[in-house]
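Let's take a friendly walk through a protein model, looking at charged pairs, a greasy surface area and a histidine. Have the picture handy as you read.

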Amino acid sequence: MESVATENRSGSVLQAFIAWREKHLSQQQFLLVLSFFIGIITAFAAHFLRAFIAWIQSLLTAGFDITQANWLFLVYPIIGILLTALFIKYVVRDNISHGVTRILYAISRRQGHLKRHNCWSSLIASGITIGFGGSVGAESPIVLTGSAIGSNLGQLFHLDQRAMMILLGAGASGAVAGIFKAPIAGVVFTLEVLMIDLTMSSLLPLLVSSVTASVVTYMLSGMNSEFAFTLDSAFVIQRVPSSILLGIFCGFVSLYFVRTMNMCESVYRKIGGMYAKLALGGLSLSLLIYLFPPLYGEGYNTISLLLDGKSMTDWTRVMNNSLFYGSPKLLLVYLGMIMLAKSFASAATNGGGGCGGIFAPCLFLGCISGFTFSRFWNEYSLGVALPEKNYALLGMAGIMSGVMHAPMTSIFLIAELTGGYYLFVPLMIVSIISYLTIIVFEPNSIYATRLARRGLLVTHHKDNAALTLMSMDAILEKHDVCVPPDMKLGRFVLIIAREKANVFPVTDEGHHLLGVIDISRLRNVLFRQELYDSFTTGQLMEKPAAVLRVDDPVTVVMETMDRTHADTLPVVNNLGEFVGFVSRTKLYAMYRQVMVDYSEE
C-alpha cells in the first residue's frame, strides 16, 4: 500500500510539473532544457563505459610477455561473450545488438520509442564484451544509450512524436560528442545517419546536447584529443592522385568489410541455440586474437601506435604478443592479414552473443588500411613519398565514410578526434571518393541494410520518409461485417442498407478471405427483387486486385495501389484471415497529415 501511495504521489508531482511547464515554457524551450541534461547524462555514461572497459583490460592483460603469443587470448574472448550472452538472456531479456540499427528502426516504426533498459543495458553488455577482448566498438552502444535517455525523457513528459524524434537525436549527438570529444561530429552524425529532415529550431537541441557532452567530457578526462597526432608533413598538391587512389582503395576495403560482415551475420542467425553460437563465435574470435593480438578489444592502442610512430621500430610494436614478433620484414603481410581478419572477428563477437558496434572497427581498419597503402607506396617508390601517419589518419575517414555511408561525419570526426584540421582537403577527397566507390555496389550503409531489405528504412527523401513513418495500423479500416459465400442476395441487400461500407469481404467459416463484393458494380441486380433468391454472395464476389498483409510496410501499400489502380484493398494476417481494408482515401489523408507534421516547425 505504501509503495502504491508513493507512486501516486510521484505521478501527481509529475502531472503538476507538466502542467506548470505547459503554462510557462514553450515546447522549444523545454526541449533545450532537456537537451542540456541529456548532454550531461550521456557524457557521464560514455566516461563510465570507457573506464569500465579500460579497468577490465588492464586487469586481464597486465604483465603479458610482449615477445610471444599468450594462450590467455584463447580464453578471455570466450568468457566475455559467455558472460554477455548470459547477462542479455537472463537480466535484459531483449535484443540489444546493433545499436544504431535499432535506433533507425525506432525512428521508422516506433516514432522514437526506445525501452527503458536501453539506458543502461548496452553499457554493461558492451563493457564486458570489449573488456574481455571482443573485437567491436563501444560507440554504437553508447549512441543507443544516449538515444534511449532522450526517448525515455520524452515519454516521461508526454511529448509528441516530433519532440521525441528530436530528443532521440539529441541523445545520439551527445553520445558521439561525449565519447569522442567531437561536438561537430556528434551533430553531423545525427543529421547524416539518423535524422530525416531538420529545421533550424530542431537543430538547436542537438547543438546544446553535443556541446554540453563535450564540455563535461573535457572536464572528466582532460583537454587532449582522443588520439595524439602531430602533423609532420603538410598536404601538398602533388599528393592529390595518391589521395584519390587511397579513397578508391578504402571504398573496396569498406565493401569487403560490409559484405563479409553481412555474410557472417547471416550464418550466425541460422544457428539455433545460444551455446552453439557461442561455440562458433567464441572459438573463432579467440583463435583470431591469438594469431593477431591487435584484434583484441577496440584496437585503439594500435591506432595510437600507427598515428604516433615515426620509424620501423615504432611500427613493429604492433606485432607484440604475436607469433610474428621480431619480424619487421613481415609487417605489411601481418597488417594485410589483420585487414582480412577484422570483419570476421567483429562478426564473431556479435554473432557469438557479444555486444558492440562498428565505429571502432571502422577506425581500426581504416588506420591500418591507410598506413598499409602509404607504406607499400613508399617501399616500392610509386611516386611522391607519402607520410604514413597522415595516410593512416586519412584511411580512418575513408573506411568510416564507406562503411557508414557518412562522408561528412567521417571528415569532422577524424579531424576532431585527432586534431588533424590541417588535413581537411585530403580528408574530404578520401572520404568522398570512398563513398562514391562503395555506393556503386552497396546503396545502403551497413546500419541500414537490414531495414532496407524489409522496406523499413527512413531516408532523407521526404516522400519515402513520410510513408515509412506511417504504419499499417494507422491506415487499416476494421470491417466487422463479413458475409459467407452462400448468403442469398436478398439478405445481403438488408446488410447493405444497414451498413455504410461500399466494399464487403466474403469469408469462409475460418474467416479466410475468399473474395470481395463492391456494391458499385452490382447496381444492375441490387434493385431487382426477382433476383434476390437466384444469386448468392459467392456468385457475386470478385477476386481482389491484390491482397495486402498486416506486416506490409506502407511503401508497399502505396506501390500496390499505384500498380493495381485499386481504390480499396483487403488486408489479411499471416494465416490468410481477413482483418480489414485499406482505402486510397484514408491512405492519402494520412500521408498528407504526416507530411504536414513532418515539415512544420
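Here is a short report on some features of this structure, which is a predicted model.

## Salt bridges

Side chains of opposite charge can pair when their charged atoms come close. In this model there are nine salt bridges. One of them joins the side chains of Arg-50 and Glu-139, with N and O 3.3 Å apart. Arg-50 sits in helix H2 (residues 27-61) and Glu-139 in helix H6 (residues 139-156), so this pair ties together parts that are 89 residues apart in sequence. Arg-50 is buried, at 18% relative accessible area, and Glu-139 is buried too, at 1%. There's also a third member to meet: Glu-298 is linked with Arg-50 and Glu-139 in a network of salt bridges.

For another pair, look at Glu-499 and Arg-498, whose side chains form a salt bridge with an N to O distance of 3.7 Å. Glu-499 is partly exposed, with a relative accessible area of 30%, while Arg-498 counts as exposed at 57%.

## Glu-442 and its partners

Now find Glu-442, which makes a salt bridge with Arg-259; their closest N and O atoms are 2.6 Å apart. This pair links distant parts of the chain: Glu-442 is in the loop between H18 and helix H19 (449-453), Arg-259 is in helix H10, and 183 residues separate them. Glu-442 counts as buried at 11% relative accessibility, whereas Arg-259 is partly exposed at 42%.

Glu-442 also has a link to a histidine: its backbone oxygen lies 3.3 Å from a polar atom of the His-405 side chain. You'll find His-405 in the loop between helix H16 (388-404) and helix H17 (407-418). With a relative accessible area of 12%, under the 20% cut-off, His-405 counts as buried. Leaving aside neighbours within four places in sequence, the residues in contact with His-405 include Met-400, Tyr-435, Ile-438 and Pro-443.

## A nonpolar patch

Over on the surface, a nonpolar patch covers about 820 Å², and among its residues are Ile-244, Leu-245, Phe-252, Met-428 and Phe-441. Helix H10 (240-270) and helix H18 (424-438) each supply at least two of the patch residues. Which helix gives the most to the patch? That's H10, with four residues. Phe-252 lies in helix H10 and is partly exposed, with a relative accessible area of 42%.

## Cysteines

How many disulfides does the structure hold? The count is zero. Two cysteines to look up are Cys-250, buried at 0% relative accessible area, and Cys-355, buried at 2%.

Technical notes. Residues numbered from 1 in each chain as written. Predicted model: local features only at pLDDT ≥ 70, side-chain atom pairs only at ≥ 80, totals over all residues. Heavy atoms only, no water. Disulfide = S-S within 2.5 Å. Buried < 20%, exposed > 50% of the residue type's maximum accessible area, 1.4 Å probe, protein only. Polar contact = N/O pair within 3.5 Å; in protein donor to acceptor, adjacent residues only side chain to side chain. Contact = heavy atoms within 4.5 Å. Patch = residues over 30% accessible without salt bridge, like charges linked within 9 Å, V, L, I, M, F, W, Y side chains within 5 Å. Areas by Shrake-Rupley, 256 points an atom, 1.4 Å probe, with all protein chains shown as cover. Salt bridge = Lys/Arg side-chain N within 4 Å of Asp/Glu carboxyl O.
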